[in-house]
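The following paragraphs lead the reader through the structure shown here, beginning with its strands and ending with one residue in a loop.

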Amino acid sequence: MPHSGSCLCGQIRYTTTHDLGPVTGCHCIQCRKVTGHYAAATPAPWDSLTIEGEMTWYQSSPSARRGFCGTCGSYLIWEEGDGLAYLMAGALDGATGLSMDAHIFYADKGDYYSAAGGEPCYPGPTRDGEVAP
């Protein structure tokens, strides 16, 4: 099912022809800083995306970059060089039919909340060593 997304001001729009999978929450320090809370993203192959508008990129580590709108600041895409664009779920337009599957870097989460949806929580980037929410 095709999905579309956009930034707050509408200068950047994208569509994907890929069936989007589940949404993963990332609580790493970088995602917390760039979102103000935690990132919630779903992967799509780059070749399934059409982007309208000029994305601004921030190289957040040697292997990853983050795409956002240079006008309104909306965080739209995270890329780590694995051939996938991780689309920020909050920037998708309308109902998505998606659901959360897990939380990663949960050991880095803020002390003011906990995951309450019943999804597994992992202390780091891999899905092993599940911890309590």
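Two strands are taken to pair if DSSP finds at least two bridges between them. The model considered here is a predicted one. By that criterion, strands β8 (residues 75-79) and β9 are partners: three bridges join the two, and they run antiparallel. Within this pairing, Ile 77 has Leu 87 of β9 as its bridge partner. The two strands form a hairpin, with four residues between them. One residue of the turn, Gly 81, has a positive phi of about 85°.

Strand β9 also has a partnership with strand β4 (residues 39-45), again in the antiparallel sense, and here the pairing extends over five bridges. In this pairing Ala 41 stands opposite Met 88 of β9. How many of the five residues of β9 are buried? Residues count as buried when their relative accessible area is under 20%. Four of the five residues of β9 (residues 84-88) are buried, and the strand is therefore largely enclosed by the rest of the structure.

A further group of strands may be followed in the same manner. Strands β1, β2 and β5 make up an open sheet of three strands, in the order β1-β2-β5 and with antiparallel pairing. The edges of this sheet are occupied by β1 (3-6) and β5 (49-52); each has a single partner strand, so one side of each is left without a neighbour in the sheet. On average, neighbouring strands of the sheet are turned by 15° against each other, direction ignored. The antiparallel pairing of β2 (residues 13-16) with β5 comprises four bridges. Here Tyr 14 is found opposite Ile 51 in β5. In a regular strand, side chains alternate between the two faces of the sheet.

The last point of interest lies outside the strands. His 27 is located in the loop between β3 (23-26) and α1 (29-35). Is this residue, His 27, buried or exposed? Its relative accessibility is 1%, and because buried means under 20%, His 27 counts as buried. The side chain of His 27 makes polar contacts with two other side chains: that of His 103, at 2.8 Å, and that of Tyr 113, at 2.5 Å. When residues up to four places away in sequence are not counted, His 27 touches several others, including Arg 32, Tyr 38, Ile 104, Phe 105, Tyr 106, Asp 108 and Lys 109. His 103 and Tyr 113, the partners in the polar contacts, also belong to this set of touching residues.

Methods: Residues numbered from 1 in each chain as written. Predicted model: local features only at pLDDT ≥ 70, side-chain atom pairs only at ≥ 80, totals over all residues. Heavy atoms only, no water. Axes fitted to C-alpha atoms, helices over the stretch in contact; angles between N-to-C directions. Buried < 20%, exposed > 50% of the residue type's maximum accessible area, 1.4 Å probe, protein only. Polar contact = N/O pair within 3.5 Å; in protein donor to acceptor, adjacent residues only side chain to side chain. Contact = heavy atoms within 4.5 Å.
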